[in-house]
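Here are some notes on the model, set out as numbered points. Please read them with the structure open.

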Amino acid sequence: MTQFSEHFHTASDGVKTYYRLYKARTPGSKAPVMCLHGLTRNSKDFEDVAPMIAALGRDVMAVDVRGRGRSDRDPNPDNYQVPVYAEDVAGILKDLGWRHVVSVGTSMGGLMTMTLAAMQPDLLRGAVINDIGPEIDPEGLGRIQQYVGHAPTYASWQEAADGVRAVNGDAFPDETGDAFWLAFARRTCKEREDGRIVHDYDMAIAQAFDSGDGGLPDLWPLFDALKPVPVLLVRGALSDLLTEDTARKMEQRHPDLRLVTVERIGHAPMLTEPASAQAITTFLKECD
């Protein structure tokens, strides 16, 4: 049985954004949850997490931001920016009639969460930030820049699994079996009409990612927009994007932030690890 329904939101510029809606197993009065993925990923990242949350009595929305998954590829690559994605998500929430939500944001999705908190101060009732912060380790950025927009195509799903393992293997050193990497490939890739397997995002997102002088804006003001709400910060112990030092700074700066570190995992935790899942379950039970 399909666990979710499928929908599209059309932005003012005509770009359609796809999202999945998981209904709460037992409807309740608590705020629904929006799941926001990372730079090259899509809503399939949450196909195990979203049902887990729905079982707790909350509706869940998981999005493919523009340029990823089943969403439109934007004819203007300059629009591949976090503020534009946040506007798209705000439009989806308006379509759904959701005035208050809890956000679960992985990597870029965490930056989207901070941006939405600044855009709409009354929107969030809580936030799970997965392996990202206001200071981003240059080592991790450099690694991402090496592969974004340069992804190969594959002749088979096994070849695709081997390809994603080559890029992400250091983040999951204990995952040595094919099953994990085949599932990873099927979440992040798709089969073209000619039978080739390709990564499921617009390669043009690299243009916006690589633009600028190499410096990053000050993201601490965006993080500070989360101060009115409880935050669960999930960090992979092996992360090359969120350092332990930055995580501790976030913990000191936010009045209600709890930090969970997932051992033997890099960027980014799947959120299905026992430590992640338990922390998220406890956090959501305590949020409005």
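1. Is arginine 264 buried, partly exposed or exposed? With a relative accessible area of 44%, arginine 264 is partly exposed, because that value falls between the limits of 20% for buried and 50% for exposed. Arginine 264 sits in the loop between β10 and α10. Its phi is positive, about 60°, although the residue is not a glycine. The model is a predicted one, and the backbone at this position should be read with that in mind.

2. The loop between β10 (257-262) and α10 (274-286) also holds alanine 268. The peptide bond that leads from histidine 267 to alanine 268 is cis, its omega being near 0°. A check of this loop can thus take in two backbone features, the cis bond and the positive phi of arginine 264.

3. Another positive phi in a residue other than glycine is found at aspartate 131, with a value near 60°. Aspartate 131 belongs to the loop between β6 (124-130) and α4. Its relative accessibility is 0%, so aspartate 131 counts as buried, whereas arginine 264 is partly exposed.

4. On the overall fold: the protein chain contains 10 helices and 10 strands. Its radius of gyration is 18 Å, close to the 19 Å given by the globule rule for 288 residues, so the chain is as compact as a globular protein of that length. The C-alpha trace spans about 50 × 40 × 40 Å along its principal axes. Of the 288 residues, 55% are buried. Among contacts with a separation of 6 or more, 75% join residues that are 24 or more positions apart.

5. Helix α10 includes lysine 285. At 56% relative accessibility, lysine 285 counts as exposed. Which residues does lysine 285 touch, once its neighbours within four places in sequence are left aside? They are Lys30 and Leu56. From lysine 285 to glycine 57 the C-alpha to C-alpha distance is 9.5 Å, while the two are 228 residues apart in sequence.

6. Histidine 37 lies in the loop between β3 (33-36) and α1 (49-54). Histidine 37 is buried, because its relative accessibility is 0% and the limit for that class is under 20%. A polar atom of the histidine 37 side chain is 3.0 Å from the backbone nitrogen of valine 65. Beyond its neighbours within four places in sequence, the contacts of histidine 37 are Asn42, Ser43, Phe46, Val63, Asp64, Val65, Arg68, Thr106, Met108 and Gly109. Val65 is thus among the residues in contact with histidine 37, and the same residue supplies the backbone nitrogen just mentioned.

7. The second largest pocket has a volume of about 460 Å³. It is lined by 29 residues, and those closest to its centre are Thr40, Arg41, Tyr147, Asn168 and Phe184. At least two lining residues come from each of α4 (138-147), α5 (157-168) and α6 (178-188). Which element gives the largest share of the lining? It is α5, with 4 residues. By residue class, the lining of the second largest pocket is made up of 15 nonpolar, 11 polar and 3 charged residues.

Notes: Residues numbered from 1 in each chain as written. Predicted model: local features only at pLDDT ≥ 70, side-chain atom pairs only at ≥ 80, totals over all residues. Heavy atoms only, no water. 1 Å grid on protein atoms, 1.4 Å probe; cavity = no way out; pocket = protein on both sides within 12 Å on 5 of 7 lines; lining within 4 Å. Points joined across faces, edges and corners; volume = space filled by probe spheres on them. Nonpolar A, V, L, I, M, F, W, Y, C, P; charged D, E, K, R; others polar. Buried < 20%, exposed > 50% of the residue type's maximum accessible area, 1.4 Å probe, protein only. Polar contact = N/O pair within 3.5 Å; in protein donor to acceptor, adjacent residues only side chain to side chain. Contact = heavy atoms within 4.5 Å. Rg over C-alpha atoms; globule rule 2.2 N^0.38 Å.
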